[in-house]
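Please find below some remarks on the model under review. They are arranged as numbered points and may be read alongside the coordinates.

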Amino acid sequence: MEEMEEELKCPVCGSFYREPIILPCSHNICQACARNILVQTPESESPQSRRASGSGVSDYDYLDLDKMSLYSEADSGYGSYGGFASAPTTPCQKSPNGVRVFPPAMPPPATHLSPALAPVPRNSCITCPQCHRSLILDDRGLRGFPKNRVLEGVIDRYQQSKAAALKCQLCEKAPKEATVMCEQCDVFYCDPCRLRCHPPRGPLAKHRLVPPAQGRVSRRLSPRKVSTCTDHELENHSMYCVQCKMPVCYQCLEEGKHSSHEVKALGAMWKLHKSQLSQALNGLSDRAKEAKEFLVQLRNMVQQIQENSVEFEACLVAQCDALIDALNRRKAQLLARVNKEHEHKLKISDALIRRVHLTEDQWGKGTLTPRMTTDFDLSLDNSPLLQSIHQLDFVQMKTSSPVPATPILQLEECCTHNNSATLSWKQPPLSTVPADGYILELDDGNGGQFREVYVGKETMCTVDGLHFNSTYNARIKAFNKTGVSQYSKTLVLQTSEGKALQQYPSERELRGI
């Protein structure tokens, strides 16, 4: 762009083209500059007068005036149009780029119109300042030349790019304006990045820092850098040592520094490393894509968790409210019973008072005792409810494949005989999740830990070899591929009185029915 700048400047004024027009010779010139270099020809030399006089000179003759030399390179700064016999010589001046410019032969009339719309003198002639071709203007004047809109657009874009500030190449987010450029690193730095990444100490202290504009010009004009050997500054790197993983020159190989190492051509290794780097970048790109998709999935999960949390919280509140309503209803029922008992005792008391009045003669014979007490013979057993409230927990969470429901021990079919116990269970009536099997557990008869005594698909089991005169606790749970259910309610079993066995039942003594 710097080298192209001269091509975007007018040969007359030396500045960037302003409203450029295209001459018949394909050169460009500012519209205002074109008006400034117009020269008026004598009336007798105009094409119209020549046609009228029958001289036979056509417009084509004036278009071919470029074959004549308007002025020579060795002249003294004056020139004349050779195509006009009586045209007075007109002094010329030099533009900033050395091209001679002919001023107008007579001052232009005062007008308030723009140069493009202002009328031009009759029989005006314009000469290209680059190829020196001349042309007699017609009645349209300068409006007869087309405007170069493309060139105007190129100049506008060039000025915008030139005015744009150079940005720092190491800023991560919003690049700041660069303040210096390192010629050795070929990097533009802002002040914070220069202090952080290019401190003036160590090997970096020898680097030359220049202003950004100068660095851009030097980068464009400097030839392509060729990597040279650090041990032999006049030799370029041409080979690559595979063991040392570094480029070398021919002189290094001649000195025998890498005689026993595998050496390959630098271009081939460059292509190989480029291919490996490209593969690694593709792999990183795929990983980045997967990570991006995973992040999207996590964001969707977060949103779904929030929605499920609100739904689950509403469901939990509804369930607790239902329990509170049931407790309030039971409370009302129990209070009704208390009120009924209260009324019953009051009725008995009134009857006793009437009997006392009727049997006054019995006061002297003995002491009267009421047939009832003032205490209420009612005691609220809330321990099971409190235990249930304390054991209130989330039984089963939502899963893709739910676990089976908790089995129910059938009390009417469970029994003990001597030192054996028979237990039976079943799935809940409304259960829709099948069970793959069941696990029956018994404690040691002394309130110790539970242990498995049966695992299988049957729903009845007899356990032999238990201790006589002992109390056992039994429980059952179901399982499938997803997991296990909660334990059933604990069943208490009492064995018969007899000689106690000193060992636990073996596997042979366990049989499933």
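1. N418 sits in the loop between strand 17 (415–417) and strand 18 (420–426); strands (E, at least two residues) and helices (H or I, at least four) are DSSP runs numbered from the N terminus. Its phi is positive, about 55°, although N418 is not a glycine. Most residues other than glycine have a negative phi. N418 is partly exposed, with a relative accessible area of 37%; buried means under 20%, exposed over 50%, and partly exposed in between (1.4 Å probe, protein chains only).

2. The model is a predicted one, in which local features need pLDDT of at least 70 and side-chain atom pairs count only at pLDDT 80 or more, while totals for chains, interfaces and linings use all residues. Residues are numbered from 1 along each chain as its sequence is written, and side-chain values use heavy atoms, with hydrogens and water left out.

3. A positive phi is also found at D186, a residue other than glycine, with a value near 60°. D186 belongs to the loop between strand 10 (180–182) and strand 11 (187–189). Its relative accessible area of 31% makes D186 partly exposed.

4. The strands flanking D186 take part in an open, antiparallel sheet of 3 strands in the order 11-10-12, where two strands pair if DSSP finds at least two bridges between them. Strand 11 and strand 12 (209–210) are the edge strands, each pairing on one side only. Strand 10 and strand 11 run antiparallel and are joined by 3 bridges; V180 has Y189 in strand 11 as its bridge partner.

5. Another open sheet has 3 strands in the order 14-13-15, again with antiparallel pairing. Its edges are strand 14 (246–248) and strand 15 (263–265), and each of these pairs on one side only. On average, neighbouring strands in this sheet are turned by 40° against each other, direction ignored; axes are lines fitted to C-alpha atoms, and angles run from 0 to 180 degrees between N-to-C directions. Strand 13 (residues 239–241) is joined to strand 14 by 3 bridges, and C241 stands opposite M246 in strand 14.

6. Which residues touch the most other members of the largest nonpolar core? They are C10, L23, I29, I126 and F145, out of 23 residues; such a core is a set of buried Ala, Val, Leu, Ile, Met, Phe, Trp, Tyr and Cys residues joined through side-chain atoms within 4.5 Å. At least two residues each are supplied by strand 2 (28–30), helix 1 (31–36) and helix 4 (149–163), and helix 4 gives the largest share, 3 residues. Leaving aside residues up to four places away in sequence, the contacts of I29 include C10, V12, L23, A34 and P129, contact meaning heavy atoms within 4.5 Å.

7. Apart from the largest core lies another, of 19 residues, with V453, A474, I476 and A478 among them. A474 is also one of the residues touched by F450, as are N473 and R475. F450 lies in the loop between strand 19 (437–442) and strand 20 (451–456) and is partly exposed at 28% relative accessibility. The C-alpha atoms of F450 and N473 are separated by 8.3 Å, with these positions 23 residues apart along the chain counted as their spacing.

8. Strand 22 (residues 471–479) and strand 23 run antiparallel and are joined by 4 bridges, with Y472 opposite L493 in strand 23. In strand 23 (residues 491–494), L491 and L493 point to one face and are buried, whereas V492 and Q494 point to the other and are not. In a regular strand the side chains alternate between the two faces of the sheet.
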